[in-house]
Amino acid sequence: MAAARHIVVLHGPNLNLLGTREPEIYGTTTLAEINQVLTARAEASGATVECLQSNSEGELIDHIQAARGKAHAIVINPGAYTHTSVAIADALRGVGLPAIEVHLSNLQKREPYRRRSYTAAACVGTIAGFGPRSYYLALDAALDLLEGQ
Ligand code: DQA
């Protein structure tokens with residue numbers, strides 16, 4: 001594997017629109033800015049991250065499968081697939097890597113259909129509601145988990 005600790009960060013559908021997408025819910029930080037911070041924070045901890053975004057369920061599953069063999073953990077914001085995708089949950093279980101689910105918004109405060117996550121049960125835990133900080137906290141959690149292994 002490339003580094004002592006390598007984390008794959010996956011962003012699901014519509015997260016490429018961050019910065020301009022419903023800013024009252026998701027804020028104005030862009031995905032590129034989030035990825036920059038993640039890269040710098042990983043580097044400062046002697047780790048590496050690979051940040052990938054896809055609007056397609058199949059491509060996200062391909063990225064999860066490809067993480068096996070190159071990454072030690074996955075941080076994933078499945079976007080709306082959180083609430084629908086048995087296939088992404090199966091992929092996460094299938095590769096057996098520790099995964100942390102991330103959401104910018106607090107799903108429990110939103111529409112009832114967002115309160116159910118199919119993918120959360122395939123993850124070690126979920127961090128939601130802290131805006132871009134949800135990602136940074138998830139990266140810290142992943143590094144901490146790996147430290148303890
Ligand atoms: C989201 C929450 C989802 O319900 C929504 O479909 C998203 C973003 C979040 O980060 O808060 O696309 O995952």
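What span should the 15 residues of helix H5 have at 1.5 Å a residue, and how far apart are its end C-alpha atoms? In this predicted model, helix H5 comprises residues 133-147, for which a span of 21 Å is expected. The end C-alpha atoms of H5 are 21 Å apart, so the expected and computed values agree.

The buried residues of H5 are Ser 134, Tyr 135, Tyr 136, Ala 138, Leu 139, Ala 142, Leu 143 and Leu 146. In an α-helix there are 3.6 residues a turn, so residues three or four places apart point the same way. The packing partners of the buried residues of H5 include the strands E1 (6-11), E2 (48-53) and E3 (73-77). Strand E4 (99-103), strand E5 (125-128) and helix H2 (31-44) also pack against these buried residues.

One residue of strand E1 was examined in detail, namely His 11. His 11 has a relative accessible area of 0% and is therefore buried. The side chain of His 11 is joined to that of Asn 35 by a polar contact of 2.8 Å. Beyond its neighbours within four places in sequence, His 11 is in contact with Leu 31, Asn 35, Cys 51, Leu 52, Gln 53, Ser 54, Leu 60, Asn 77 and Tyr 135. Of these contacts, Tyr 135 is also one of the buried residues of H5, and Asn 77 also belongs to the surroundings of the ligand.

The ligand is surrounded by Arg 21, Tyr 26, Asn 77, Gly 79, Ala 80, His 83, His 103, Leu 104, Ser 105, Leu 107, Arg 110 and Arg 114. By residue class, this shell consists of 4 nonpolar, 5 polar and 3 charged residues. Oxygen atoms of the ligand take part in polar pairings with the shell: one distance is 2.6 Å, to an N or O atom in the side chain of Ser 105. A distance of 2.8 Å is found between a ligand oxygen atom and a polar backbone atom of Leu 104, and 2.8 Å likewise separates a ligand oxygen atom from an N or O atom in the side chain of Arg 114. On its own the ligand has 320 Å² of accessible area, of which the protein covers 99%.

A further buried position occurs in the loop between E4 and E5, where Ala 122 is found. Ala 122 has a relative accessible area of 15%, and since buried means under 20%, Ala 122 is classed as buried. Not counting residues up to four places away in sequence, Ala 122 touches Ala 89, Leu 92 and Arg 93. The C-alpha atoms of Ala 122 and Ala 91 are separated by 8.8 Å, although the two residues are 31 residues apart along the chain.

Definitions and conventions. Residues numbered from 1 in each chain as written. Predicted model: local features only at pLDDT ≥ 70, side-chain atom pairs only at ≥ 80, totals over all residues. Heavy atoms only, no water. Near = heavy atom within 4 Å. Polar contact = N/O pair within 3.5 Å; in protein donor to acceptor, adjacent residues only side chain to side chain. Areas by Shrake-Rupley, 256 points an atom, 1.4 Å probe, with all protein chains shown as cover. Nonpolar A, V, L, I, M, F, W, Y, C, P; charged D, E, K, R; others polar. Helix = DSSP H or I, 4+ residues; strand = E, 2+ residues; numbered from the N terminus. Expected span 1.5 Å × (residues − 1). Buried < 20%, exposed > 50% of the residue type's maximum accessible area, 1.4 Å probe, protein only. Contact = heavy atoms within 4.5 Å.
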